[in-house]
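These entries record what I looked up, residue by residue and then for the chain as a whole.

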Amino acid sequence: MEKQSIYGLTIEELTNWFLENGEKKFRAAQVWEWLYQKRVKDFSEMTNLSKNLITKLTDQFVINPLKQIVVQEATDGTVKYLFELPDKNMIETVLMRQEYGLSVCVTTQVGCNIGCTFCASGLLKKNRDLTAGEIVAQIMMVQHYFDERQEGERVSHVVVMGIGEPFDNYDNVMNFLHIINDAKGLAIGARHITVSTSGLANKIKEFADNGLQVNLAISLHAPNNEIRTSIMRINRSFPIEKLMAAVDEYLEKTNRRITFEYIMLNQVNDRPEHAQQLADLLKDKKKLTYVNLIPYNPVSEHDQYSRSPKADVLKFYDVLKKNGINCVIRKEHGTDIDAACGQLRSKQMKKEKATTK
C-alpha cells in the first residue's frame, strides 16, 4: 500500500494526526512551516524535530509523490512538466509567466470523462482522481524548480484548468485549495486562484457555499444547446438552462464575477450570430461576467476542427463589446511546446509504445 503524501493534509488534519499520535499540537505548525515556507524535501531536514518523530512521519507519509519525467521550456518562459505518479500514470502541469507573476495550471484527474470533442486531455478516459497531495505536489515541484535556480521567484497564482474536471474530484480539490491558501503555508491568495469547470451545475451550487473567495471559470464554448451538445457531451446532463440557473444562484450568493471560457472553432461557434446569441445569454448578468476568447490549439486526433481566423475572432469580440459584455482575447503561452493540455502526455505515451514494439 502506497504511503499517503503529507501534502494532502490540511493544517487541521495534520494537527489531529499529531494529537492522535501523542505529540504536541505545536509540532504540526513546525512541520507545516518546514513543508511550505522552508520547502524541505525530506523529513530528515526538519532539524527541530526529534529522531523518533521523524521516524513516525517517515513510516506514515511521503512528502512528494511525483517523479519528474520531462520538462519543456518555451521561448516565452512557459514551462511544461510531465510528472509520473506512484502508480506510473502520468500528468501534466504548466507554469506560465504573466505580467502579474508566476501562474501554475494544475491537473486534477488522470484522464477525463467529460468528452469534449476538441480537447487533447480527454483523449484518455478517466483512470482515477488525483489525491489532494498529488495536486499540491504539482505546485511544490514547480516552486522547487525555481528555488533551485535561486532567482527568488514564487508561485503567486494558480489555475485549476489542467487534465480532468475539477468538480468531478470535488473533495480533493477543495482540500487542495485550503492547503495552498493557508496564510502560514504557501499563502496563495484566494483571489489569485481560479477553478474551471465544464459546467457541473450541482457542484457550482455547492461551490457557492464553500466560503473561499476563489475565482470560478466555466468552460462554455457555445451559445446554444445544439452546438454545445455537439462539442461537449456534458451538455446532455447539464444543458445551458440548468447551467445558467446554477450561475444565477452562484452570483446571488457570492456576488463574485464568473469568467466564461470560449474556444474559437472555425465555422463551428465563431460566427457573428453566435456572438450575438452569447451576448443575449449573458445580458442579464453582464456586470458580473467576463468572456475569455481562446485560440484553438489544434490536436491531430481532432482534425475536424481548426483555429478561427484572427479576423473572425475580432468580429466576434466586437459584437460582444457592442453589447456591453466584458471580454478579452486570451494571450497564448508556450505555443512552441505543445501548449494544449494533454499533448505532452500523449506524445510521451506514443513514444513509450513505439519503443516497446
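**Entry 1. Glu332**

I began with the contacts of Glu332 in this predicted model. Leaving out residues up to four places away in sequence, I found that Glu332 touches Asp76, Pro295, Asn297 and Arg307. I then looked up the distance to one of these partners: the C-alpha atoms of Glu332 and Pro295 lie 7.6 Å apart, with the two positions 37 residues apart in sequence. I located Glu332 in the loop between strand 14 (327–329) and helix 11 (343–356). Is Glu332 buried, partly exposed or exposed? I noted a relative accessible area of 32%, so Glu332 is partly exposed; the class runs from the 20% limit for buried to the 50% limit for exposed.

**Entry 2. Ser156**

I next turned to Ser156, which has its place in strand 9 (residues 155–160). Its relative accessibility is 13%, and therefore I entered Ser156 as buried. Which residues does Ser156 touch, not counting those up to four places away in sequence? I listed Tyr100, Gly101, Leu102, Ile188 and His192.

**Entry 3. Glu92**

I looked up Glu92 in strand 5, a strand that covers residues 90–98. Is Glu92 buried or exposed? I recorded Glu92 as buried because its relative accessibility is 2%. I also took the C-alpha separation of Glu92 and Gln138, which is 8.8 Å for a pair 46 residues apart along the chain.

**Entry 4. Ile227**

I found Ile227 in helix 7 (residues 225–231). With a relative accessibility of 12%, Ile227 counts as buried. Setting aside neighbours within four places in sequence, I noted contacts of Ile227 with Ala222, Val268, Asn269 and His274. I checked one further pair: Ile227 and Val328 are 101 residues apart in sequence, and their C-alpha atoms are 22 Å apart in space.

**Entry 5. Positive phi angles**

I looked up two residues that have a positive phi without being glycine. Lys88 has a phi of about 80°. I placed Lys88 in the loop between strand 4 (79–84) and strand 5 (90–98). Lys88 counts as exposed, because its relative accessibility is 59%.

For Gln267, I noted a phi near 65°. Gln267 has its place in the loop between strand 12 (258–264) and helix 9 (272–282). At 55% relative accessibility, Gln267 is exposed; the limit for that class is over 50%.

**Entry 6. Helix 2**

Which residues of helix 2 are buried? For this helix, residues 26–36, I listed Ala28, Gln30, Val31, Trp32, Trp34, Leu35 and Tyr36. I then asked what covers these buried residues. The cover includes helix 1 (11–20), helix 3 (51–60), helix 4 (132–149) and helix 5 (170–181). I add a remark on helix geometry: an α-helix has 3.6 residues a turn, so residues three or four places apart point the same way.

**Entry 7. Domains**

I noted that the chain is divided into domain 1 (6–60) and domain 2 (67–356). How many residues of each domain are in contact with the other? I recorded twelve residues of domain 1 in contact with 15 residues of domain 2. The centres of domain 1 and domain 2, taken over C-alpha atoms, are 33 Å apart.

**Entry 8. The whole chain**

I closed with values for the entire protein chain. Its secondary structure comes to eleven helices and 14 strands. The C-alpha trace spans about 70 × 55 × 40 Å along its principal axes. Why do I consider the radius of gyration to agree with a compact globule? A compact globule of 357 residues would have a value near 21 Å, and the chain has 21 Å.

I noted that 54% of the 357 residues count as buried. Of the contacts between residues at least 6 apart in sequence, 67% join residues at least 24 apart. The accessible surface comes to about 16,400 Å², and 48% of this area belongs to carbon and sulfur atoms. For the charges, I entered 47 positive and 45 negative side chains. The centres of these two sets lie 1 Å apart.

Terms used: Residues are numbered from 1 along each chain as its sequence is written. Side-chain values use heavy atoms; hydrogens and water are left out. Helices (H or I, at least four residues) and strands (E, at least two) are DSSP runs, numbered from the N terminus. The radius of gyration is taken over C-alpha atoms; the globule rule is 2.2 Å times the number of residues to the power 0.38. Buried means under 20% relative accessible area, exposed over 50%, partly exposed in between (1.4 Å probe, protein chains only). Contact means heavy atoms within 4.5 Å. Accessible areas come from the Shrake-Rupley method with a 1.4 Å probe; for residues, only the protein chains shown count as cover. Lys and Arg count as positive and Asp and Glu as negative; His and the chain ends are not counted. The place of a charge is taken as NZ of Lys, CZ of Arg, CG of Asp or CD of Glu. Domain bounds come from an automatic or database domain assignment.
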